[in-house]
Amino acid sequence: MKIFALALALWCGAAVAAVPEPSAEAAMPQASEPEDARVSEALAHDTSATLLQHGWATWYGGKRWHGRRTASGERFDRQALTAAHKTLPLGSRVRVVNLSNGREVTVRINDRGPFTPKFIIDLSEAAAVRLGMRHAGRAQVALHRSAALHKQAR
């Protein structure tokens with residue numbers, strides 16, 4: 001099993017090696033807190049009605065991806081506050097809130113992904129550090145329209 005994990009880490013890059021294998025229980029919602037309650041809580045904290053989406057976030061980066069071209073054409077910088085999203089317009093800014101600790105960061109969408117239905121956003125390593133999820137590798141997050149974009153829309 002260790003050989004498989006090492007081979008997978010070498011193939012996928014340093015970000016995979018930093019993600020511990022979660023237990024099935026950790027991935028499931030707590031029995032005392034149904035998903036509807038968590039969604040309601042996120043909406044309750046969103047007084048300006050800017051909630052776009054909620055779900056699992058992961059991060060990508062490490063030396064393997066640093067410097068490669070993103071979907072926007074720019075070079076990926078793992079220390080920049082950027083992210084990949086499947087459908088949000090490239091260049092848009094999104095406020096990401098870690099629902100487990102309340103930390104938040106504003107990121108610019110400059111790439112496409114994640115390419116698995118379980119995750120809604122891939123964050124840069126710097127954004128993951130700011131959210132306090134780098135070592136865990138993933139976190140439940142809420143995506144909100146950025147305040148700067150919200151003001152422009154008025």
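## Burial and overall make-up

A residue is called buried when its relative accessible area is under 20%, exposed when this value is over 50%, and partly exposed in between, with a 1.4 Å probe and with protein chains only taken into account. By that definition, 36% of the 154 residues of this protein count as buried. The structure is a predicted model, in which local features need pLDDT of at least 70 and side-chain atom pairs count only at pLDDT 80 or more, while totals for chains, interfaces and linings use all residues. Residues are numbered from 1 along each chain as its sequence is written, and side-chain values use heavy atoms, with hydrogens and water left out.

The protein exposes about 9,200 Å², of which carbon and sulfur atoms supply 57%; accessible areas come from the Shrake-Rupley method with a 1.4 Å probe, and for residues only the protein chains shown count as cover.

## Helices, strands and their order

The protein has seven helices and six strands, where helices (H or I, at least four residues) and strands (E, at least two) are DSSP runs numbered from the N terminus. Read along the sequence, these elements follow the pattern α-α-α-α-β-α-β-β-β-β-α-β-α.

A contact means heavy atoms within 4.5 Å. Among the contacts in the protein with a separation of 6 or more, 72% are between residues 24 or more positions apart.

## How strand 1 pairs

Two strands are said to pair if DSSP finds at least two bridges between them. Strand 1 and strand 6 pair in the antiparallel sense over seven bridges, and within this pairing Gln53 has Leu143 of strand 6 as its bridge partner. Strand 1 is also joined to strand 5, this time by four bridges and with the two strands running parallel; here Trp56 stands opposite Phe119 in strand 5.

## The nonpolar core

A nonpolar core is a set of buried Ala, Val, Leu, Ile, Met, Phe, Trp, Tyr and Cys residues joined through side-chain atoms within 4.5 Å. The largest such core has 19 residues, and those with the most contacts inside it are Val96, Val107, Ile121, Leu123 and Val141. The elements that give two or more residues to this core are strand 1 (51-59), strand 3 (93-98), strand 4 (104-111), strand 5 (119-123), helix 6 (125-131) and strand 6 (138-145).

Val96 has its place in strand 3 and counts as buried at 0% relative accessibility. Leaving aside residues up to four places away in sequence, Val96 touches several residues, including Val107, Ile121, Leu123, Leu131 and Val141. The C-alpha atoms of Val96 and Arg145 are separated by 8.9 Å, although these residues are 49 residues apart along the chain. With the same restriction on sequence neighbours, Ile121 touches a set of residues that includes Trp56, His85, Val96, Ile109, Pro114 and Val141.

## Salt bridges

A salt bridge is a side-chain nitrogen of Lys or Arg within 4 Å of a carboxyl oxygen of Asp or Glu, and by this rule the count comes to four. In one of them the side chains of Glu125 and Arg78 meet at 3.7 Å, N to O. Glu125 lies in helix 6 and Arg78 in the loop between helix 5 (62-65) and strand 2 (82-85), so the pair ties together parts that are 47 residues apart in sequence. Glu125 also meets Arg134 in a salt bridge of 2.8 Å, N to O, and Arg78, Glu125 and Arg134 are thus linked in a network of salt bridges. Within this network, Glu125 is buried with a relative accessible area of 10%, whereas Arg78 is partly exposed at 23% and Arg134 is partly exposed at 24%.

Another salt bridge brings together the side chains of Arg95 and Glu104 at 3.4 Å, N to O. Arg95 counts as partly exposed at 22% relative accessibility, and Glu104 counts as partly exposed at 45%.

## Two further buried residues

His144 is found in strand 6 and is buried, with a relative accessible area of 5%. Its side chain is joined to that of Thr50 by a polar contact of 3.5 Å, a term that stands for a pair of N or O atoms within 3.5 Å; within protein, one atom must be able to donate a hydrogen and the other to accept it, and residues adjacent in sequence count only if both atoms are side-chain atoms.

Gly137 lies in the loop between helix 6 and strand 6 and is buried, with a relative accessible area of 1%. The C-alpha atoms of Gly137 and Trp59 are separated by 6.4 Å, while the two residues are 78 residues apart along the chain.
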